[in-house]
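I opened this model to look up its ring pairs, its cores and a few charged side chains. My notes follow in the order I worked.

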Amino acid sequence: MAPSGVSHLSQPCIYERKSRFMKWLSKLFKSGTGRGGGGGGGRHPQILGEENMVLRAPSRSLDDRSSSQKEKEELDHAIALSLSEDSKRRNRYRRRTDNDEELPRTLQGSLHSPTYPPYSHVPYYPREYRICDGCKREIGYGNYLGCMGTFFHPDCFCCCACGRPITEHEFSLSGRNPYHKSCFKELTHPKCEVCHHFIPTNAAGLIEYRCHPFWSQKYCPSHEHDITARCCSCERLESWNARYYCLEDGRRLCYECMESAIMDTGDCQPLYHAIRDYYEGMNMKLDQQIPMLLVERQALNEAIVGEKHGFHHMPETRGLCLSEEQTVTSILKRPRVGGYRLVGMRTQPQKLTRKCEVTAILVLYGLPRLLTGAILAHELMHGWLRLKGYRNLNPEVEEGICQMLSYMWLESEVMPGFKNMPSTSVASSSSSSSSSKKGGKSDVENKLGEFFMHQIANDASPAYGGGFRAANAAVNRYGLRRTLDHIHMTGSFPL
């Protein structure tokens, strides 16, 4: 049976911690028990083999109780220190976890703060390096923009087209120049010069438009097939914000061409005589007085049907050198302008009798002065060839040399000082005098003359276009007189 002086006390907190201090305390108990049992009575010393055994000795001395009390206090102090360290570690982990959860909420709140501008984050730079690229002044405290590797005051980041600040989230950039997206579209996306809308894209997503080869007028492809009017002289399409004049035969005439248009036979006579003088100045005098009439489109087409000879430029002929006797309706009095229509034109029939190889020269009315003159120069050359005995020429040779004279006359009118033409000084003075009689030509009229020259030079037809280019090459190489002599002898251009 166990001795009555020993009891087993459960100390659960001591079970969990077997530190060096407890081992030392166990050894201390062992050594103290051995000293107390050495005096007697044959009792064996009680051996405590476990750290959870505590002696209850009511007969202990005051010193033993004092030592035991000290040991208990040291044990309680050690336990308190251990618990304090665990508590501190848990508190530090809790504070770090709370801070980690608070950080995203703080960042999210700052991103949605209305005090910041809606622009991308800009790396921090010291204040002395933040110079506005717009006004070149230092950026102080407050909002600023970071863009294109530099900084701007919000009011200094402006569109290069309209000059107003760019406040949108997106903008267009051309080189280093920023633009509003709408302003950039106005600058770069082509607009139709007829309907004034942005030219739409085709099925492939590409911008497709038509462009006049001389006037560079851009327009939607659909206007080639709709009811958009085209000037019968300069070929430009009628814009929606401008009205063309309508002639009585259905043709349309733009305002620029209308300014110098010749409307009746009496108005055309001075121009006709000036062109005859031009021929005479090149030693190509016309011995016969050939009548000249301005006619409507219908009268000209009827005369073409009655003419047995000649090659005519389709789809519309503007002049005719008549060699048969016919009755032709000519324009006696020019029409008056009524709104955008020309009305009140007076005509009269006139019987043409044949007195020589050429009966008359007919020209379509309502065309600008320079175009009317170019047609007269062309038809007068037909008359000169017939009167001088140039017979049975093929269309390329006859139409080509006639177009050459028309081009040369236009050149003398549009560029009087231009010397790349086979003419004598008499011809130059004659053309200059004819221009002075009419008064100085405007820039608009000169531009029209350049367009008519462009038409002759770029005509696609074999007779008129191909013939002119062959005639031009021969005249530039051999001169007009030698070229005409070669045609008279061989019926072809010199090579």
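**Aromatic pairs.** I searched the whole structure, a predicted model, for aromatic pairs and got 11. I started with Phe-152 and Phe-157. Their ring centres lie 5.0 Å apart. The planes meet at 55°, and the pair is tilted. I checked burial next: Phe-152 is buried, and Phe-157 is too.

Then I followed Phe-157 to its other partner on my list, Phe-171. Here the centres are 5.2 Å apart and the planes stand at 85°, so I logged the pair as edge-to-face. The cut-off for that label is over 60 degrees. I also noted where the two rings sit. Phe-157 and Phe-171 are both in the loop between strand E4 (150-152) and strand E5 (172-174). They are 14 residues apart, and the pair links distant parts of the chain.

Are Phe-157 and Phe-171 buried or exposed? Phe-157 has 3% relative accessibility, so it counts as buried. Phe-171 has 29%, so it counts as partly exposed. The limit for buried is under 20%.

I also looked for rings joined into a group. Phe-214, Trp-215, Phe-451 and Phe-452 form a cluster through ring pairs.

**Cores.** I turned to the nonpolar cores. The largest holds 85 residues. Which of its members touch the most others? I found Leu-362, Leu-376, Met-381, Ile-401 and Leu-480.

I picked Met-381 and listed its contacts, leaving aside neighbours within four places in sequence. The list reads Tyr-279, Met-284, Ile-401, Cys-402, Leu-405 and Leu-484. Ile-401 is therefore on both of my lists: it is among the core members with the most touches, and it is in contact with Met-381. Apart from this core lies another, of 8 residues. Its members include Leu-145, Phe-152, Cys-159 and Cys-183. I had already met Phe-152 in the tilted pair with Phe-157.

**Charges over rings.** I looked up two cases. Lys-191 lies over the face of Phe-198, 5.1 Å from the ring centre. Arg-251 lies over the face of Tyr-365, also at 5.1 Å from the ring centre.

**Arg-369.** My last entry is on Arg-369, which is in helix H8 (residues 369-387). Is this arginine buried or exposed? At 6% relative accessibility, Arg-369 counts as buried. I then looked for a polar partner. The side chains of Arg-369 and Glu-413 are joined by a polar contact of 3.4 Å.

Key
Residues are numbered from 1 along each chain as its sequence is written. This is a predicted model: local features need pLDDT of at least 70, side-chain atom pairs count only at pLDDT 80 or more; totals for chains, interfaces and linings use all residues. Side-chain values use heavy atoms; hydrogens and water are left out. A nonpolar core is a set of buried Ala, Val, Leu, Ile, Met, Phe, Trp, Tyr and Cys residues joined through side-chain atoms within 4.5 Å. Buried means under 20% relative accessible area, exposed over 50%, partly exposed in between (1.4 Å probe, protein chains only). Contact means heavy atoms within 4.5 Å. Rings of Phe, Tyr and Trp (its six-membered ring) pair if their centres lie within 6.5 Å; planes under 30 degrees apart count as stacked, over 60 as edge-to-face and the rest as tilted. Helices (H or I, at least four residues) and strands (E, at least two) are DSSP runs, numbered from the N terminus. A charge sits over a ring if NZ of Lys or CZ of Arg is within 6 Å of the ring centre and within 35 degrees of the ring normal. A polar contact is a pair of N or O atoms within 3.5 Å; within protein, one must be able to donate a hydrogen and the other to accept it, and residues adjacent in sequence count only if both atoms are side-chain atoms.
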